[in-house]
Number of protein chains: 2
Amino acid sequence: MPTINDVAKRAGVAPITVSRVINDSGYASQETRKRVETAIAELGYVPNVLARSLRSKRTNTLALVITDITNPFFTSISRGVEDTASAVGYTTIYCNTDESEKKEKKYLQLLLEKQVDGILLVPAHSTPDSLEFIQEQGASVVLLDRKVPNVEVDTVRCDSEAGAYSLIKLLIDRGHRNIVALGGPRETSTSVDRIAGYRRAIAEAGLADHEHVYYGPFTQASGYELTMKALTHNPLPTALFGANNFISIGAMKALRDSGIQVPEEIAVVSFDDLPSTLVVDPFFTVAAQPAYQMGQKATELLLNRLSGEAPQECQEIILPVEIIVRQSSGNVLA
Amino acid sequence: MPTINDVAKRAGVAPITVSRVINDSGYASQETRKRVETAIAELGYVPNVLARSLRSKRTNTLALVITDITNPFFTSISRGVEDTASAVGYTTIYCNTDESEKKEKKYLQLLLEKQVDGILLVPAHSTPDSLEFIQEQGASVVLLDRKVPNVEVDTVRCDSEAGAYSLIKLLIDRGHRNIVALGGPRETSTSVDRIAGYRRAIAEAGLADHEHVYYGPFTQASGYELTMKALTHNPLPTALFGANNFISIGAMKALRDSGIQVPEEIAVVSFDDLPSTLVVDPFFTVAAQPAYQMGQKATELLLNRLSGEAPQECQEIILPVEIIVRQSSGNVLA
DNA sequence: TTGTGCTATGGTAACGATACCATGTTAACG
DNA sequence: CGTTAACATGGTATCGTTACCATAGCACAA
């Protein structure tokens, strides 16, 4: 495989001149440029980015660390990231942590070894320490979707508390008094905030006695299981609140398997919408997060940091959620 | 940021010894190993993979070039790839070509510059030439999902022709005589094969006069549009065959918007299933491809090539599709 | 004329690791 | 006791590129 030196020899110039032509940096006469370009074409020369990055200390690579690309929410985020990054010549490495502390650690180490310029991180088990370590190693970080307390980091997320509050308020306004929350993990900030929103709405309506919260992973299996537990209540809840899309789908399956009609017998509201490309008849009343834009914004913020254009202080961008009312929330109770 | 030399100095050894400890290659006494490890920990040393790869000529990086990660089929493939690759210490770079020739070219060039060890490619506009160029540049290639004629390359895909044939046969057995195919792009091998399967079933049943094929991109919008065209037929078709998941969802929306009941008035069958995590009540009768395994197998094949374990000749692995009969195909016609 | 600044190009070192070769120490064996 | 082999460590060159500094021609202003 030809190197920059081979090209230089063939074009009758110094390697550095070839470099200047390739990168369009510094001066190069029209004629030299042409000679170099033909030499490149004739040899089928492909620059070696490893060498370039080693010398220049920039890899033009970002990393996106999410929990699971299989979740459409993260899929959309990833397209937002990828599109934004690739438009300015950056590549993106994706990592799925599956909410595992071990995987997260392993990937972060790997990414640092790869000298990525920046990391977009949906923290699963990140601590202030681990974030600081990343920054010490010269990589910029932007937190996505979730908070990590007591650190100075840029963050892009949605207002989970307000979104959940609105959903529950909507149910209460329709006459529901017995609403069960199917939460995510106890330690995950989005889950915590959504439950907080639920609590605020419940408390405001003077229903503190009717507060019922279950916790579990953000999975369909958990949604199913927690719903089955909720269905042992007497009297039955009149509405369920799923803290994310998978939980709610699991809940729906549990209700179906129990022969319970939605929304006639039990109403369901949920965090996270499903992309319209995947659903024929959207059914869920949801608090929809602008996932694509989250990825986009976070990437823009990160790129600004890298180019030194961003202001010194950390930014916390909080995007609004959109409440979309559909059938699953039903009508006003009789 | 500390380098291997800093570690070496602090541990009182030569850099190469540190290297041996890190990579667990060659000999190192228990005691030296310990000294090196503490030095690494104290300095917060992180090896620089760029330098390592530049010297060793291996990046331990694969690339997955797909058309759109937003399609659950490719999402599943990507998890198959990622899980298999990361289990043996490989990182994966994802690229979305969106079926664009320009993007595909741009990404392939970029990936070669990055010196990826291997590329898993869902060819959108790849030619034998472009594949050979990749191989000349020292990267291995495995084609995924689609064929490129007249090249020697490893391939992992499903039997599109047989899958489509089975779906159409199923409709014919239930009495359908007027089945419209909503195809993908004319040039894409999967689309071509699926239409071929459709044609074979139609011909076998002596229905050549009732052959109706439309072509368009693999998108929901196209599925919608083509269905609207199909609905202008007189008499109306009794069944539709969508060549991929997005097309079929678009078709369903068109039928819904036209006030046509599925399957009562028109039956629908489709290629590609949706993951059960995303659907409460699976409805489509489909030819399901084992997407995750496709990613897995392709990655294994690629890794075998890289380690030189694979036999010389190219392999073509063809996985079977599974016909899953659900409601959308309806009952036997009256 | 001298000085200044733009254009165009090149030489040398360095980025941070490992490949390759060399060397010394120790244990084991006939 | 000498030879062999496994163990343990190090020196030097090199991967392919760019940073940094240097040089030289030329136009133009003072």
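These are my notebook entries on chain A, its contact with chain B and the surface near DNA strand D.

**Entry 1: the model and the fold.** I am working from a predicted model. I began with secondary structure and found 12 helices and 12 strands in chain A.

**Entry 2: overall shape.** I looked up the radius of gyration of chain A, which is 25 Å, against near 20 Å for a compact globule of 334 residues. The C-alpha box, taken along the principal axes, comes to roughly 85 × 40 × 30 Å.

**Entry 3: packing.** I checked burial next, and 48% of the 334 residues of chain A count as buried. Then I turned to contacts between residues at least 6 apart in sequence, and 69% of those in chain A join residues at least 24 apart.

**Entry 4: chain A against chain B.** How many residues does the contact take from each chain? I noted 41 from chain A and 40 from chain B. On the chain A side, the elements giving two or more residues are helix 4 (49-56), helix 5 (72-87), strand 2 (91-96), helix 6 (101-113), helix 7 (128-136) and helix 11 (245-257). I sorted that side of chain A by residue type and got 20 nonpolar, 13 polar and eight charged.

**Entry 5: DNA strand D.** Which residues are closest to DNA strand D? I found 26 residues around the strand, the closest being Thr3(A), Ile4(A), Ser19(A), Ala51(A) and Val13(B). At least two residues of this surface come from each of helix 1 (4-11), helix 2 (15-23) and helix 4 of chain A, and likewise from each of helix 2 (15-23) and helix 4 (49-56) of chain B. By type, I have 13 nonpolar, 10 polar and three charged residues near DNA strand D.

Note on methods: Residues are numbered from 1 along each chain as its sequence is written. Chains are lettered from A and ligands numbered from 1 in the order in which they are written. This is a predicted model: local features need pLDDT of at least 70, side-chain atom pairs count only at pLDDT 80 or more; totals for chains, interfaces and linings use all residues. Helices (H or I, at least four residues) and strands (E, at least two) are DSSP runs, numbered from the N terminus. The radius of gyration is taken over C-alpha atoms; the globule rule is 2.2 Å times the number of residues to the power 0.38. A residue is buried if 20 or more other C-beta atoms lie within 10 Å of its own, exposed if 12 or fewer, and partly exposed in between; C-beta atoms are placed from the backbone. Two residues are in contact if their C-beta atoms, placed from the backbone, lie within 7 Å. Ala, Val, Leu, Ile, Met, Phe, Trp, Tyr, Cys and Pro count as nonpolar, Asp, Glu, Lys and Arg as charged, and the others, Gly among them, as polar. A residue is near a molecule or strand if its C-beta atom, placed from the backbone, lies within 6 Å of it.
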